Amino acid sequence: MSRIGKSPITIPEGVNVDLNGDIVTVKGKLGELKQEVSDIDVKIEDGVITFERSSEKSDQKAKHGLYRALINNMIEGVSNGYTKSLELVGVGYRATNQGQKLDLAVGFSHNIVIDLAPEVKVETISEKGKNPIVKLTSHDKQLVGQVAAKIRSFRAPEPYKGKGIKYVGEQLRRKAGKSA
């Protein structure tokens, strides 16, 4: 049995979980998320969510832990939220935002302007002598991760000097340059 799938989820205060057919809806102080669940039985009793599968087929075994993790991430997101921070490393690299528009200057001939989804809150931090930081916050873990990966893909860090857009705290694999 899936070790992740068989562990129950306790619903914290201020979070409301509804089961309507195959759709699980989670509401909290930060927002509302929905997830469709197939092949797995979801039971909500006394503030505890449990997941059970009807057979030992490999696709059901895989979905057992998957849906438990997805719904746990939804509950965590609507109660606490998720944050991803990106650091712009390079001379002349800048980031500014106006509302939901993020403007990046990362060494190309033109600035990159991105319209972000309304669920993602963006904040840019620019201090003198430090690399600019873009902070993304949302209640949807998948969405904030996807937006952060898209921003990082515009200028991924290169292995020689480490220039580019990287996650805060990310360890880069560095290479030695040419030896004369």
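This is a short talk on the pocket, the sheet and a few individual residues of one structure.

Hi everyone, thanks for coming. Please keep in mind that what you have on screen is a predicted model.

Let me start with the pocket. The largest one has a volume of about 160 Å³. Who lines this pocket? Reading along the chain, the lining is made of Leu-33, Lys-34, Gln-35, Leu-70, Asn-73, Met-74, Tyr-82, His-139, Asp-140, Lys-141 and Gln-142. Three elements give two or more residues each to that lining: strand E4 (32-36), helix H1 (58-79) and helix H2 (141-153). If you like to think in terms of chemistry, the lining splits into 4 nonpolar, 4 polar and 3 charged residues.

One of those lining residues is Gln-35, so let's stop there, since its relative accessibility of 18% is under the 20% cut-off and it therefore counts as buried. Gln-35 sits in strand E4. Leaving aside residues up to four places away in sequence, Gln-35 touches Asp-22, Ile-23, Val-24, Tyr-67, Leu-70 and Met-74. Leu-70 and Met-74 are also on the list of pocket-lining residues.

Another lining residue, Tyr-82, takes us to the sheet. Tyr-82 stands opposite Ser-138 in E12. Strand E7 (82-89) and strand E12 (133-138) pair in the antiparallel sense, over 6 bridges. They belong to an open sheet of 4 strands with antiparallel pairing, and the order is E11-E12-E7-E13. Which strands form the edges? Those are E11 (121-125) and E13 (164-167), each of which pairs on one side only. On average, neighbouring strands here are turned by 25° against each other, direction ignored. Helix H2 packs on this sheet, where it touches E7, E12 and E13, and the direction of H2 makes about 5° with that of E7.

Between H2 and E13 there is a loop, and Lys-163 lies in it. Is Lys-163 buried, exposed or partly exposed? It counts as partly exposed, because its relative accessibility is 35%. Lys-163 and Val-89 are 74 residues apart along the chain, yet their C-alpha atoms are separated by 5.1 Å. The contacts of Lys-163, again not counting residues up to four places away in sequence, are Val-89, Gly-90, Tyr-93, Ala-156, Pro-157 and Glu-158.

Now for the backbone angles, which I know some of you will want to check. As a reminder, most residues other than glycine have a negative phi. Asp-39, in the loop between E4 and strand E5 (40-45), has a positive phi of about 70° although it is not a glycine. With 39% relative accessibility, Asp-39 counts as partly exposed. Asp-46 is found in the loop between E5 and strand E6 (48-53), and its phi is also positive, near 55°. At 81% relative accessibility, Asp-46 counts as exposed.

Last stop: a hairpin. Strand E9 (101-105) and strand E10 (112-115) pair in the antiparallel sense over 4 bridges, with Leu-104 opposite Ile-112 in E10. There are 6 residues between the two strands, and in this hairpin Gly-107 takes a positive phi near 90°. In a regular strand, side chains alternate between the two faces of the sheet. What are the two faces of E10? Ile-112 and Ile-114 make up the covered one, while Val-113 and Asp-115 make up the uncovered one.

That's my tour, and I'm happy to go back to any part of it.

Technical notes: Residues numbered from 1 in each chain as written. Predicted model: local features only at pLDDT ≥ 70, side-chain atom pairs only at ≥ 80, totals over all residues. Heavy atoms only, no water. 1 Å grid on protein atoms, 1.4 Å probe; cavity = no way out; pocket = protein on both sides within 12 Å on 5 of 7 lines; lining within 4 Å. Points joined across faces, edges and corners; volume = space filled by probe spheres on them. Nonpolar A, V, L, I, M, F, W, Y, C, P; charged D, E, K, R; others polar. Pairing = 2+ DSSP bridges. Axes fitted to C-alpha atoms, helices over the stretch in contact; angles between N-to-C directions. Contact = heavy atoms within 4.5 Å. Buried < 20%, exposed > 50% of the residue type's maximum accessible area, 1.4 Å probe, protein only.
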